[in-house]
Amino acid sequence: MDYLIENAKEIAFLCIGGGFLVLVGFVCAFIWRVKQLMNKFDDLVELFSENIYKPVSLIFKAEKFIKMGLEFLKNRKK
């Protein structure tokens, strides 16, 4: 008992240090989970870009090209 009383300050600092280590562990785990979630979100955005955006932009480019061709043919008949 005398040992605990004499070294109470050091024991308290060790407990606080251990608590901070546990807190750091929880924060690291939380950041790791957020990173995984962001990676999944990034994969969804990439999937959207490849499967939705590119074909739609290709359709718009084709529409623009067809309009230019029709205007060229219209002007040529005049």
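This passage describes the overall form, the solvent exposure, the charges and selected residues of a predicted model.

The chain contains 2 helices and 0 strands. Its radius of gyration is 33 Å, whereas the globule rule gives 12 Å for 78 residues; the value is well over that figure, so the chain is more spread out than a compact globule. Along the principal axes, the C-alpha atoms fill a box of roughly 110 × 15 × 5 Å. Helix 2 covers residues 8-77.

Two pairs of positions within the chain give separations between C-alpha atoms. Ala8 and Asn39 are 31 residues apart along the chain, and their C-alpha atoms are separated by 46 Å. Ala8 belongs to helix 2 and is partly exposed, with a relative accessibility of 39%. For Leu44 and Lys74, which are 30 residues apart along the chain, the separation of the C-alpha atoms is 44 Å. Leu44 also lies in helix 2; with a relative accessibility of 55%, Leu44 is classed as exposed.

With respect to solvent, buried residues account for 0% of the 78 residues in the chain. The accessible surface amounts to about 7,900 Å², and carbon and sulfur atoms contribute 72% of this area. The individual residues described here can be read against that background. A residue counts as buried under 20% relative accessible area and as exposed over 50%. Cys15, at 55%, is therefore exposed, while Cys28, at 47%, falls in the partly exposed class. No disulfide is present: a search of the whole structure finds 0 of them.

The chain carries 12 positive and 9 negative charges, and the mean positions of the two sets are 26 Å apart. Side chains of opposite charge can pair when their charged atoms come close. In this model the number of salt bridges is 1. The partners are Lys67 and Glu63, whose closest N and O atoms are 3.7 Å apart. The cut-off for a salt bridge is 4 Å between a side-chain nitrogen of Lys or Arg and a carboxyl oxygen of Asp or Glu, so the pair Lys67 and Glu63, at 3.7 Å, qualifies. Both residues belong to helix 2, where they are 4 residues apart, about one turn of the helix. Neither partner is buried: Lys67 is partly exposed, with a relative accessible area of 48%, and Glu63 is likewise partly exposed, at 37% relative accessibility.

In summary, the predicted model shows a chain of 2 helices and 0 strands that is more spread out than a compact globule. Buried residues make up 0% of the chain, and the structure holds 0 disulfides and 1 salt bridge.

Conventions:
Residues are numbered from 1 along each chain as its sequence is written. This is a predicted model: local features need pLDDT of at least 70, side-chain atom pairs count only at pLDDT 80 or more; totals for chains, interfaces and linings use all residues. Side-chain values use heavy atoms; hydrogens and water are left out. The radius of gyration is taken over C-alpha atoms; the globule rule is 2.2 Å times the number of residues to the power 0.38. Buried means under 20% relative accessible area, exposed over 50%, partly exposed in between (1.4 Å probe, protein chains only). Accessible areas come from the Shrake-Rupley method with a 1.4 Å probe; for residues, only the protein chains shown count as cover. Lys and Arg count as positive and Asp and Glu as negative; His and the chain ends are not counted. The place of a charge is taken as NZ of Lys, CZ of Arg, CG of Asp or CD of Glu. A disulfide is a pair of cysteine sulfur atoms within 2.5 Å.
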